[in-house]
Amino acid sequence: ARERAAAHRLDGERAGRMPRVHLDAALLDYGTWSGDHVAEWQAGVAVSWPLFTGGSRTASIRSAEAELAAARAETAAVERALEIEIDGARSSVAEADARTAALAASVIRWEEVARIEALAMETGAGVQSDLLLAEASLYRARAGWAEARHARVMARVRLARAQGVLDERWLAETLEVEP
């Protein structure tokens, strides 16, 4: 919006070099104390064209050009920052997806280890400390998996925000169907 405004200002400043045409019309009522009134129509055309402004017109145009250049540079910087943000968010999504999958597999493996240790304890071939270590590892894996799923959701929200699509509808469609 700033760039568009600067471009319009530049157009306006450049238009200042063109002649200006003024059209005037009026209805005048001349009267006296005695009540004699005379109505008169007047119309006129005036053209003004500044030939010499002491450099103020050129300075105004250069100022508008500089403002437009600054607005374009700011727009380019914002676009680059958005590209960097989107790229980082995509990387975060890929990382969170991979971490979630790895920790889901870890939970499955630790569940099996804990099941085997519990069976070993039931048959008398196991040691309680091994069972407790397996269960503690299972709980750590589950906690890590929950954190990974949270990071996955936050990475997707960050990506949607960077892309400019984050709103209530996006939340309802994307996050409500997550496993």
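Two people discuss how the terms used for this predicted model are applied.

Colleague: What kind of model is this, and how are its residues numbered?
Modeller: The model is predicted: local features need pLDDT of at least 70, side-chain atom pairs count only at pLDDT 80 or more, and totals for chains, interfaces and linings use all residues. Residues are numbered from 1 along each chain as its sequence is written, and side-chain values use heavy atoms, with hydrogens and water left out.

Colleague: What makes up the protein chain in helices and strands?
Modeller: Four helices and two strands, in the order α-β-β-α-α-α from the N terminus. Helices are DSSP runs of H or I with at least four residues, and strands are runs of E with at least two.

Colleague: Why is the protein chain called more spread out than a compact globule?
Modeller: The globule rule is 2.2 Å times the number of residues to the power 0.38, and the radius of gyration is taken over C-alpha atoms. For 179 residues the rule gives 16 Å, but the protein chain has 38 Å, so it counts as more spread out. Its C-alpha trace spans about 130 × 45 × 20 Å along the principal axes.

Colleague: How do you know that the span of helix α2 agrees with its length?
Modeller: The expected span is 1.5 Å times one less than the number of residues. For the 68 residues of α2 (residues 56–123) that is 100 Å, and the end C-alpha atoms are 99 Å apart, which agrees. Gly-124, with a positive phi near 90 degrees, follows α2.

Colleague: What share of the protein chain is buried?
Modeller: Buried residues (under 20% relative accessible area, 1.4 Å probe, protein chains only) are 19% of the 179.

Terms used: Buried < 20%, exposed > 50% of the residue type's maximum accessible area, 1.4 Å probe, protein only.
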